[in-house]
Amino acid sequence: YGLYDYLRNSIQQLELPQRKAALIVPAFETLHYRLTFPKSKAELLSMLDMGSLYTFRYHVWPKGHAPTDYAKWRTATVPYRVAWQPDFEPYVVVRRDCPRYDQRFVGFGWNKVSHIMELDAQEYELLVLPNAFMIHMPHAPSFDISKFRLSAGYRGCLQTLREEFHQDLSRRYGAAALKYLTAERSL
């Protein structure tokens, strides 16, 4: 409730049209098919404490959203900056002229990860909004995630595309892009 207006106000207050920043909307999830959506951050925190909500994908892919720093978000009253980390894939609000998603990553896997990497390579600030949140509702697995899970060929192709993406980043951003390749190899 009120997210659209909050985002519009945040865009103006943070002067997003004049700066390179990605506004992160923290993501949560429920395992229930029915949910009374929280009307405020206080309500969401209460639901989180009671166990009816969780941080997004904490049980299957914590690296994807952990850099959001949910512990800090709980008490934050102003936007705060976070650093890029491997496999970070938050939901973001960005200027229209930001780098586009890499079209190699269709289906399941690495679309948001590569996009955040590209934003970081272009020195976008990653700013977590203290009063924004979204909640993922359970649904059946997509066709593409099923292919990813069941097909070694699909996973192999995705790995090849990841390697190509890293090479392209290295060509575009030079030594600054080494941190992405180093992070990938240390995983």
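In this predicted model, strands β1 and β5 run antiparallel to one another and are joined by three bridges. Within this pairing, V25 sits opposite Y91 of β5. On a second pairing, β1 (residues 21-25) meets β6 in the parallel sense, this time over four bridges, and here L23 has L127 of β6 as its bridge partner.

Strand β6 is also paired with β4 (residues 80-82), in the antiparallel sense and over three bridges; Y80 faces V128 of β6 in this arrangement. Taken together, the four strands make up an open sheet with mixed pairing, and its order is β4-β6-β1-β5. Because β4 and β5 (91-93) each have a single partner strand, they stand at the edges, and one side of each lacks a neighbour in the sheet. From one strand to the next, the twist averages 45 degrees.

It is worth pausing on the side chains of β6. In a regular strand, side chains alternate between the two faces of the sheet. Strand β6 (residues 125-128) shows E125 and L127 pointing one way, with L126 and V128 pointing the other way. These residues are all buried, the charged-type name E125 included.

A further residue to look at is K112, which belongs to helix α4 (residues 111-121). K112 counts as buried because its relative accessible area of 18% falls under the 20% cut-off. Beyond its neighbours within four places in sequence, K112 is in contact with F88, E89, P90, Y91 and Y101. One of these contacts, Y91, is the residue of β5 that stands opposite V25, which links this part of the picture back to the opening pair of strands.

Terms used
Residues are numbered from 1 along each chain as its sequence is written. This is a predicted model: local features need pLDDT of at least 70, side-chain atom pairs count only at pLDDT 80 or more; totals for chains, interfaces and linings use all residues. Side-chain values use heavy atoms; hydrogens and water are left out. Buried means under 20% relative accessible area, exposed over 50%, partly exposed in between (1.4 Å probe, protein chains only). Helices (H or I, at least four residues) and strands (E, at least two) are DSSP runs, numbered from the N terminus. Two strands pair if DSSP finds at least two bridges between them. Contact means heavy atoms within 4.5 Å. Axes are lines fitted to C-alpha atoms, for helices over the stretch in contact, and angles run from 0 to 180 degrees between N-to-C directions.
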